[in-house]
Structure formats: C-alpha cells, structure tokens
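Student: I should like to work through some charged residues and their surroundings. May we begin once the structure is shown?

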Amino acid sequence: MVNVSVIVPVYNVEEYLDKCLSSLVNQSMKNEMEIIVINDGTKDNSQMIIDKYAAKYSNIVSIKKQNEGLCVTRNLGISLAKGKYIGFVDSDDYVDECMFEKLYQKAIEKDFDIVVCQTNSIENGVVTPVYCGIKSDEYHVENIMCSIYPSVWNKIYKRELFGEKTLFKPGVWFEDVEWTYRILPLVKSIGVIDGHYYQYIKREGSITATVNQKLYDYISNLNGVVAYYKENGYYQKYQKQLEFVYVRYLLATFVKQSSRYDYDGYIKAVDAALANVKQHFPSYRKNRYFYRSLKGVYLVLFSKPLAILYYGIRKIGRNK
C-alpha cells in the first residue's frame with residue numbers, strides 16, 4: 001500500500017541528486033512510500049544517478065521525458081501518484097530520514113488535508129532555520145493565509161486536493177506562491193509538526209538567485225490568483241487576506257528582487273508594482289493585517305521615494 005507519493009523533478013542537478021535520492025530511499029516509512037523521479041530533459045549525468053537508484057530500490061518510479069519545465073513535470077508526477085498523500089522534493093535539496101513518516105503520522109491523526117514541517121535554508125554551509133508560518137494545527141485557513149510560508153516541499157497534501165483547477169501553472173516562475181494561494185481555499189485543516197526536516201539548498205543558478213524579465217511572473221501570477229478567487233466565489237471571504245498577500249509580494253518580495261536590476265530596470269519594476277497595487281487594491285492601507293508587524297507598516301508607508309532610498313542602500317551594501 002502506498003501512503004505517500006513523493007515527486008522529484010530532475011534537471012541538471014548531478015552534483016546534488018545523489019544526496020537527495022539517498023535521503024528518500026532511506027526514509028523510515030519506505031515500504032509505504034513511492035518516489036516518482038522525473039527526468040525533465042536533463043543535459044548532465046543525472047539519469048545515470050537515477051538509474052543506479054532505480055535498479056536497487058523497487059519503490060522508485062523512474063520517468064524520462066523532454067524538457068517542459070518544473071510545473072509540467074510536477075503535474076505529470078501528480079497524475080502518476082498512487083499515494084493517499086502527495087509530497088514534493090526539489091532534486092537539489094534533501095530531507096531528514098524520518099520526515100515523511102512524521103508528516104504522514106500527523107496527517108492520519110486527525111485526517112488533515114495538509115501537514116507542514118519546518119525547514120532549514122542552507123547557503124554556503126550556513127544553516128538558517130525557516131519558520132513555516134503556522135503556530136499550531138489550524139481548521140480555519142483564513143487564519144494562516146497571511147503567514148504561511150508558501151513552499152510546496154515542506155508539506156504533504158491529501159490526494160483529493162488535486163484536480164483540474166489545482167494543478168501547477170505551466171511556464172511560470174515562483175509557481176509555489178501562485179499554486180499555494182489557489183489551493184488554500186479548498187483546505188479544511190492543516191496540521192503542523194515542529195521538526196526542521198526539510199533541508200533547502202540555496203545555490204547559484206536557482207530561480208530565486210536569478211534576475212531577468214521572469215521576475216514579472218510575480219505580477220502576472222498574483223493577478224491570476226485574484227481572478228481565480230473572483231471566478232470561483234472565494235474573493236469576498238478572503239479579500240482582506242488576499243489583499244495583504246498581493247501587496248506584500250509586490251511591494252516587498254518583487255521590489256526587493258528587482259533591486260538587482262540596473263537603476264532604470266528597478267524603477268520600471270517599482271512603477272509596475274505600484275500601478276498593479278493601485279489597480280487591484282487601492283485602499284489596502286485600511287486593511288488591519290498591515291498593522292500587525294513592522295513589515296506591514298513598511299508596506300503602508302511604501303512609496304516611490306522610499307523605494308529609491310532602498311535601492312541606494314542596497315547598492316552601497318553590494319559595493320562593500
């Protein structure tokens with residue numbers, strides 16, 4: 001019986017893949033778990049590593065296909081998954097050997113739709129704990145929409161959550177944020193465990209370390225989420241939470257990452273962020289969620305002059 005299906009998309013990660021797969025085949029619940037490893041047209045020697053593990057471990061499902069991107073690859077994995085719950089692991093990361101057993105035992109404790117664990121972020125050997133954004137088990141998703149860390153890989157999801165409207169959007173970057181906020185209105189309960197079981201490797205060449213026009217996917221993704229909430233009748237119930245999320249990601253995350261552009265590119269990005277916020281949430285400063293943290297107050301005070309000051313400070317820091 002397969003209780004958990006873990007989907008591992010692979011693309012040019014031969015340096016990291018062995019550690020990733022080793023951490024999965026040595027899971028404490030391995031007899032109840034399948035590992036779906038999908039080669040998304042990798043150009044390096046990753047397939048040789050996959051073949052080595054697939055020959056030795058019967059719970060590995062090895063798939064090889066042409067390059068179509070992370071989202072299409074995850075969607076293929078979902079279509080193949082047999083488990084009661086589905087999890088995702090990026091192939092340059094690794095997990096503690098008890099992670100999926102801990103998540104699954106929590107899931108069946110009270111039939112949770114999602115179970116979340118904590119994460120460690122590792123960059124150049126430095127380990128930084130990352131809080132999942134949920135303090136305790138939650139049965140009202142609106143209470144955590146503004147705080148949840150929207151990664152897909154430190155969680156398992158009940159299989160029934162996946163349908164035509166809850167697959168990953170092909171061809172976009174920052175897909176975890178877009179997908180998380182589409183699936184949350186369907187969630188009735190979320191369980192939490194305390195351990196930092198997922199080890200997220202920050203490396204050069206990853207999407208989060210790259211700056212190009214794909215940064216604008218933040219805007220198109222979030223505009224799509226707003227449209228999705230309106231089309232499916234979620235907007236009225238979650239409008240305040242969605243407003244906070246939208247503004248936070250555009251005026252904080254998007255603007256921060258855009259500061260790696262040259263000055264003209266940065267100003268263009270700031271103007272685009274402000275214009276979209278004005279279009280969708282012109283009265284966001286009245287939202288009580290912005291007054292619960294210093295970051296929220298920063299967003300209330302955010303303006304183009306403040307953005308220019310921020311760019312100058314960041315430039316000084318990079319030149320040191």
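Student: Is Asp 18 buried, partly exposed or exposed?
Tutor: This is a predicted model, in which local features need pLDDT of at least 70, side-chain atom pairs count only at pLDDT 80 or more, and totals for chains, interfaces and linings use all residues. Residues are numbered from 1 along each chain as its sequence is written, and side-chain values use heavy atoms, with hydrogens and water left out. Buried means under 20% relative accessible area, exposed over 50%, and partly exposed in between (1.4 Å probe, protein chains only). Because its relative accessibility is 31%, Asp 18 counts as partly exposed.

Student: With which residue does Asp 18 form a salt bridge?
Tutor: A salt bridge requires a side-chain nitrogen of Lys or Arg within 4 Å of a carboxyl oxygen of Asp or Glu. For Asp 18, the closest N and O atoms of the pair are 2.8 Å apart, and the partner is Lys 52.

Student: Which helices does this pair link?
Tutor: Helices are DSSP runs (H or I, at least four residues), numbered from the N terminus. The two residues are 34 residues apart and link distant parts of the chain. Asp 18 lies in helix H1 and Lys 52 in helix H2.

Student: Why does Lys 65 count as buried, and what is the N to O distance in its salt bridge with Glu 68?
Tutor: Lys 65 is buried because its relative accessible area is 14%. Glu 68, at 39%, counts as partly exposed. The closest N and O atoms of Lys 65 and Glu 68 are separated by 3.2 Å.
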